[in-house]
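Hi,

Here is the structure I promised to pass on. Have a look at it first, and then read on for what turned up.

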Protein chains: 2
Amino acid sequence: MITISFNPDSGQPIYVQIYEYIKAEILSGRLARQEKLPSSRSLASHLQVSRSTVDAAYSQLVSEGYVEAKEKRGYFVNPLTHTQNFPVSQPEKANHHSREKQALPLSCDFNPDAIDTAHFPYSIWKSIGKRQLDNPDNFQMGDPLGDRELRHAISDYLHGSRGVNCSPETIVVGAGLDYLLQMLCILFERKPVIALEDPGYPRARQIFLSGGYRVLDIPLKKNCFDVERLEKTAADICYVTPTHQFPSGSVMPISRRQKLLFWASRKDSRYIIEDDHDSEFRYKGKPIPALQSLDNSQKVIYIGTFSRAVSPAIRMGYMVLPPLLMERYRRRLSGYACPVSRMGQAIMTDFIREGYFEKHLNRMRKIYKGKHDRMIEYITGLFPDGLFDITGDNAGLYIILHYYGALTEEELKKRADKNGIRLRSLREYYANVPADYLPTYLLGFANLEENQIKEGITDLAQKVFSEPKPHLS
Amino acid sequence: MITISFNPDSGQPIYVQIYEYIKAEILSGRLARQEKLPSSRSLASHLQVSRSTVDAAYSQLVSEGYVEAKEKRGYFVNPLTHTQNFPVSQPEKANHHSREKQALPLSCDFNPDAIDTAHFPYSIWKSIGKRQLDNPDNFQMGDPLGDRELRHAISDYLHGSRGVNCSPETIVVGAGLDYLLQMLCILFERKPVIALEDPGYPRARQIFLSGGYRVLDIPLKKNCFDVERLEKTAADICYVTPTHQFPSGSVMPISRRQKLLFWASRKDSRYIIEDDHDSEFRYKGKPIPALQSLDNSQKVIYIGTFSRAVSPAIRMGYMVLPPLLMERYRRRLSGYACPVSRMGQAIMTDFIREGYFEKHLNRMRKIYKGKHDRMIEYITGLFPDGLFDITGDNAGLYIILHYYGALTEEELKKRADKNGIRLRSLREYYANVPADYLPTYLLGFANLEENQIKEGITDLAQKVFSEPKPHLS
């Protein structure tokens with residue numbers, strides 16, 4: 001007979017205590033396989049509990065397979081395997097803190113990926129959010145392509161501001177660029193070779209490689225995607241940033257665009273992925289139209305996100321697929337739920353529809369232009385002529401600073417670190433760094449205030465890029 | 001000289017009209033390559049506009065590459081390629097309406113994937129949402145693994161209610177099960193063979209296939225994953241639903257669990273993916289502990305979501321990785337941003353932390369148990385003995401109905417369609433339908449009210465599963 005001392009303070013029901021006790025006895029081997037348990041009636045009377053309590057414990061043991069109920073014969077302990085001789089391996093302890101960097105007292109971080117969040121219209125977002133929190137539709141599963149209303153709003157915006165040829169039916173909403181690229185990895189059949197700009201967006205490269213694709217890194221020619229070189233490769237897909245090459249900041253000229261579109265039009269399997277990452281922000285003249293707007297052959301996959309225009313924290317992007325790929329997406333991938341919450345989609349829809357998005361963009365364009373102009377002004381004023389050059393200006397959220405002086409990249413990095421300045425070297429964006437590479441930096445200005453830009457650039461000029469003083473001896 | 005008739009009603013600035021005119025002239029070939037444009041001074045005087053207006057137009061043309069500025073010589077038309085002979089192909093028109101089904105007047109949909117959204121505590125969710133809309137942190141990029149606070153809350157919940165061994169450092173937050181499986185596809189090196197339950201979750205199969213994996217469909221043995229058969233295969237990964245097999249509804253017994261864990265422990269490359277999809281809802285006895293809670297060898301990848309417990313529309317799930325895989329994830333995949341919005345994560349964190357999640361689960365468990373009991377009651381009362389069997393009961397949001405009568409599956413479907421009843425056949429979940437398969441249905445009850453269950457089951461008994469009447473002749 002089984003004797004259990006119940007613990008009235010454990011907070012556990014009696015049936016659970018019986019179940020736990022017998023389970024432990026079985027796992028320890030003290031109750032052997034095929035052993036018959038006492039009948040629930042006799043155990044109940046022995047333990048002075050109700051029979052239904054014992055029945056509940058037995059029933060749980062049966063559910064989990066510790067015990068088997070044999071009709072008219074009673075309860076028997078099931079054979080367990082490998083309980084005692086289970087090899088408890090001790091894998092190397094993973095170092096969970098490997099990514100936590102030493103906190104560095106940063107005086108200035110020219111982060112090219114940052115955005116200005118101080119001027120976001122939080123009160124408007126909040127009032128839309130409150131309204132949408134009242135809408136129970138946001139708890140129902142939505143369209144796998146994204147809510148139609150949102151796709152409609154995106155379509156109107158893209159058509160009006162970027163000249164993109166699209167309709168709600170050709171748009172897929174996703175959780176940012178990376179997610180959309182992952183879906184493309186699944187969408188392409190037979191894993192074509194993918195050509196990438198070098199330098200370019202390192203994560204796109206990683207995503208295609210992880211997806212099992214072969215990638216070709218094509219060096220920029222005069223800061224621009226080299227279509228002649230592309231034509232000599234086996235690539236069927238290319239991933240480009242024509243409006244503002246990431247990271248060099250150049251615009252793909254119209255002749256190169258036409259050549260690229262012509263390349264794509266010559267073979268059914270060819271497609272161009274246009275990543276239009278920060279086209280909202282151009283500070284001189286009209287916006288450069290999207291490559292997709294010039295495409296008569298339905299060969300351009302256009303991708304954009306709200307990461308720079310609103311915030312990367314909302315994780316929302318979209319792609320416009322050519323009709324044949326859209327058909328394939330619907331056929332093969334519409335089982336994948338749209339990864340953006342209904343609530344998030346609904347808020348963004350209203351934000352665009354009610355004109356706040358466009359208003360916010362116009363406002364941010366002015367604010368960013370001010371920061372951009374200040375940065376260039378201070379660089380021009382403080383850095384000696386001939387040793388420096390600026391490119392990639394008049395657009396985006398960073399400029400490119402070229403350095404032709406005597407200091408090496410290592411020396412510059414050491415000086416920057418010492419002065420609490422964080423610099424991003426163009427080198428980090430190369431798959432293959434060219435032999436004639438000279439120190440070049442991406443200087444982001446988006447989340448710096450004008451006085452921080454002034455101080456940061458002054459420090460850069462005086463403490464980092466200043467020529468080493470000749471020894472007086 | 002270029003003559004342009006300006007349109008004062010177009011709403012376009014003069015410089016844009018000059019730019020558009022010259023661009024059209026270049027694209028049409030009327031302005032030939034290398035042709036020199038008039039100097040900005042002379043064109044300005046000719047058009048009676050200011051010189052800066054012409055400069056702005058020229059500058060835009062230069063930005064986009066239509067025109068080249070040669071120092072001290074002026075502006076020249078750039079050579080364009082392939083403008084005239086561009087092949088404007090007409091790809092087949094994609095049929096955008098292919099998925100819009102004929103609206104059918106459904107009288108009852110026993111959808112096994114649906115949840116009850118009528119009893120969600122909207123007012124609490126809303127008040128947390130309002131509070132979080134005030135938090136500007138939700139517009140800053142978060143941790144790529146998911147917010148630490150949320151991972152902490154999930155860790156406490158999983159530990160307490162599922163016995164899962166975890167910590168915030170071993171949890172990755174993602175946009176639902178599909179997204180997390182896609183990330184696992186990237187995480188495993190050298191694409192191991194993956195064993196799946198058959199019948200099982202069809203999308204998991206599709207995701208692994210899309211990820212370039214070879215999958216092995218292992219038929220259930222006595223409604224349970226067949227570990228003996230797994231041992232004879234080359235599979236290194238298996239994807240299982242031990243707590244409530246999807247879709248058969250069985251519980252993997254403890255001996256099979258131990259065998260499976262032992263299988264995994266014998267080789268470094270082996271892992272078990274445990275999809276704990278609806279373990280929150282068990283209506284009899286204690287919850288079945290997660291397989292991961294028995295794992296001493298750190299071989300189980302545990303995945304769960306909030307899709308059934310809260311709503312699939314919030315797109316939120318999590319996985320617990322064994323330390324070595326977590327280390328690999330941090331090293332290789334932490335460049336991927338968490339696809340769930342910061343706002344969504346913050347709301348869920350508070351919802352769990354403040355006790356509402358557990359309260360909601362307890363309430364829903366009661367409500368679902370009521371619906372579950374009613375469904376079984378009506379089936380037992382209305383369906384003749386011997387011709388029917390129920391399995392997979394006492395857990396989840398659907399039961400399994402086995403039919404042993406004379407009607408074929410096609411006849412049953414025809415009858416159901418005619419009466420506006422939507423049934424999900426178990427057949428749809430098989431990779432390979434077994435030869436001895438008999439008509440079997442998943443009957444979901446979650447989003448039906450009790451009277452709908454009564455009517456639906458009555459209709460099923462009388463109009464669909466009733467034996468064909470013998471001809472009286």
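Where does Glu354(B) lie? Glu354(B) sits in the loop that runs between α11 (342–353) and α12 (356–382) of chain B. Before I go further, please keep in mind that this is a predicted model. With a relative accessible area of 36%, Glu354(B) is partly exposed. Leaving out residues up to four places away in sequence, Glu354(B) touches Ile128(B) and Arg131(B). Glu354(B) and Ile128(B) are 226 residues apart in sequence, yet their C-alpha atoms are 10.0 Å apart in space.

Next, how the two chains relate. Chain A superposes on chain B with an RMSD of 0.2 Å, after a rotation of 180° with 0.0 Å of shift along its axis. That is the relation of a two-fold axis. Both copies use the same surface, in that 100% of the contact residues of chain A recur in chain B.

On to the rings. Over all chains there are 53 aromatic pairs. One of them is formed by Tyr179(A) and Tyr179(B): the ring centres are 6.4 Å apart and the planes are at 25°, so this pair is stacked. The pair crosses between chains, going from helix α6 (residues 176–187) of chain A to helix α6 of chain B. Are these two tyrosines, Tyr179(A) and Tyr179(B), buried or exposed? Tyr179(A) counts as buried at 5% relative accessibility, and Tyr179(B) is buried with a relative accessible area of 5%. The cut-off behind both calls is that buried means under 20%.

There is also an aromatic cluster whose members include Phe120(A), Tyr122(A), Trp125(A), Tyr157(A) and Phe351(A), along with Phe139(B).

Phe351(A) brings us to helix α11 of chain A, where Phe351(A) is among the buried residues. For the 12 residues of α11(A) (residues 342–353), 1.5 Å a residue gives an expected span of 16 Å, and the end C-alpha atoms are 16 Å apart, which agrees. α11(A) is mostly covered, with 11 of its 12 residues buried. Which elements do those buried residues of α11(A) pack against? They pack against α4 (122–133), α5 (148–162), β4 (171–174) and α12 (356–382) of chain A, together with α4 (122–133) of chain B. Just after α11(A), Gly355(A) takes a positive phi of about 85°.

Helix α9 of chain B (residues 254–265) is worth a look as well. α9(B) has 12 residues and reaches 16 Å from its first C-alpha to its last, close to the 16 Å expected at 1.5 Å a residue. α9(B) is mostly covered too, with 11 of its 12 residues buried. Among the buried ones are Arg256(B), Arg257(B), Phe262(B) and Trp263(B). The cover over the buried residues of α9(B) includes α1 (14–28) of chain A, together with α8 (227–231), β7, β8 and β9 of chain B.

Those strands belong to a sheet. In chain B, an open sheet of 7 strands has the order β4-β10-β9-β8-β7-β5-β6, with mixed pairing. Its edge strands are β4 (171–174) and β6 (215–219) of chain B, each of which pairs on one side only. From one strand to the next, the twist averages 20°. At the β4 edge, β4(B) and β10(B) (residues 317–320) pair in the antiparallel sense over 4 bridges, and Ile171(B) has Val320(B) as its bridge partner in β10(B). Helix α5 (residues 148–162) of chain B packs on the sheet, touching β4, β9 (300–305) and β10 of chain B, and its direction makes about 110° with that of β4(B). Helix α6 of chain B (residues 176–187) lies across β4, β7 (237–240), β8 (271–275), β9 and β10 of chain B, running at about 155° to β9(B).

Last item: a hairpin in chain B. Strands β1 (residues 67–70) and β2 (residues 74–77) of chain B run antiparallel and are joined by 4 bridges. Ala69(B) stands opposite Tyr75(B) in β2(B). The hairpin has 3 residues between the strands, and Lys72(B) takes a positive phi near 65° there.

Cheers

Notes:
Residues numbered from 1 in each chain as written. Chains lettered and ligands numbered in written order. Predicted model: local features only at pLDDT ≥ 70, side-chain atom pairs only at ≥ 80, totals over all residues. Heavy atoms only, no water. Helix = DSSP H or I, 4+ residues; strand = E, 2+ residues; numbered from the N terminus. Expected span 1.5 Å × (residues − 1). Buried < 20%, exposed > 50% of the residue type's maximum accessible area, 1.4 Å probe, protein only. Contact = heavy atoms within 4.5 Å. Pairing = 2+ DSSP bridges. Axes fitted to C-alpha atoms, helices over the stretch in contact; angles between N-to-C directions. Least-squares fit on C-alpha atoms with pLDDT ≥ 70 in both. Phe/Tyr/Trp six-rings, centres within 6.5 Å; stacked < 30°, edge-to-face > 60°.
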